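Please study the sequence and the structure shown here. The exercises that follow refer to them, and each has a worked solution.

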Amino acid sequence: METCKYLQGCAFFNDPSVQRFQTLFDQLKADYCHGNFADCARYQVASRIGREHVPTSMLPTQLQWAEMILRRHSEESGGSGA
Ligand code: SF4
């Protein structure tokens, strides 16, 4: 199975504070980072407008937040949808 190209340096994947929720986060990493990374909210923001726009605390499942960031970025850059 393919691995996400943003894995190295990804704040979610490498955050030591997630150890409190290790089982949940191990499952998210398996599902997203080593699986369906294209469905990850962090990946969608990073791949479309750059990983510098990904909030540190964003979870892979927070797609509504990702959509809001992408919409706001599009509006601020003149609606090009870039
Ligand atoms: S799938 Fe998402 S959380 Fe996992 S490494 Fe890629 S961008 Fe980070």
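Five exercises follow, each with a solution in steps.

This is a predicted model, in which local features need pLDDT of at least 70 and side-chain atom pairs count only at pLDDT 80 or more, while totals for chains, interfaces and linings use all residues. Residues are numbered from 1 along each chain as its sequence is written.

**Exercise 1. Confidence**

Task: State the mean pLDDT of the protein, and identify the elements with the lowest and the highest mean pLDDT.

Solution. Step 1: pLDDT is the predictor's confidence in each residue, from 0 to 100. Step 2: The protein averages 90, and 94% of the residues score at least 70. Step 3: Elements here are DSSP runs numbered from the N terminus, namely helices (H or I, at least four residues) and strands (E, at least two). Step 4: Among the elements, the lowest mean belongs to helix 1 (85) and the highest to helix 3 (98).

**Exercise 2. The nonpolar core**

Task: Determine how many residues the largest nonpolar core has and which helix gives the most to this core.

Solution. Step 1: A residue is buried if 20 or more other C-beta atoms lie within 10 Å of its own, exposed if 12 or fewer, and partly exposed in between, with C-beta atoms placed from the backbone. Step 2: A nonpolar core is a set of buried Ala, Val, Leu, Ile, Met, Phe, Trp, Tyr and Cys residues joined through C-beta atoms within 7 Å. Step 3: The largest such core has 13 residues, and F37, C40, A41, Y43 and V45 have the most contacts inside it. Step 4: Two or more residues come from each of helix 2 (22-33), helix 3 (41-49) and helix 4 (63-76). Step 5: Helix 3 gives the most, with four residues.

**Exercise 3. Helix 3**

Task: List the buried residues of helix 3 and name elements that cover them.

Solution. Step 1: The buried residues in helix 3 are A41, R42, Y43, V45 and A46. Step 2: Their cover includes helix 1 and helix 4, where contact requires C-beta atoms, placed from the backbone, within 7 Å. Step 3: Just after helix 3, G50 has a positive phi of about 110°.

**Exercise 4. The ligand shell**

Task: Describe the residues that surround the ligand by number, class and element.

Solution. Step 1: A residue is near the ligand if its C-beta atom, placed from the backbone, lies within 6 Å of it. Step 2: The ligand is surrounded by 14 residues, of which C4, C10, C33, F37 and C40 are the closest. Step 3: For the classes, Ala, Val, Leu, Ile, Met, Phe, Trp, Tyr, Cys and Pro count as nonpolar, Asp, Glu, Lys and Arg as charged, and the others, Gly among them, as polar. Step 4: The shell has 13 nonpolar residues, no polar residues and one charged residue. Step 5: Helix 1 (11-14), helix 2 and helix 3 each supply at least two residues, and helix 3 gives the most, with three. Step 6: C40 also touches Y32 and P60, not counting residues up to four places away in sequence.

**Exercise 5. Helix 4**

Task: Compare the span of helix 4 with the expected value, and decide whether R72 and E76 are buried or exposed.

Solution. Step 1: The expected span is 1.5 Å times one less than the number of residues. Step 2: Helix 4 has 14 residues and reaches 20 Å from its first C-alpha to its last, close to the 20 Å expected. Step 3: R72 lies in helix 4 and is exposed because it has 12 C-beta neighbours inside 10 Å. Step 4: E76 lies in helix 4 and is exposed, with 8 other C-beta atoms within 10 Å. Step 5: Helix 4 is followed by G78, whose phi is positive, near 90°.

Key. Contact = placed C-beta atoms within 7 Å.
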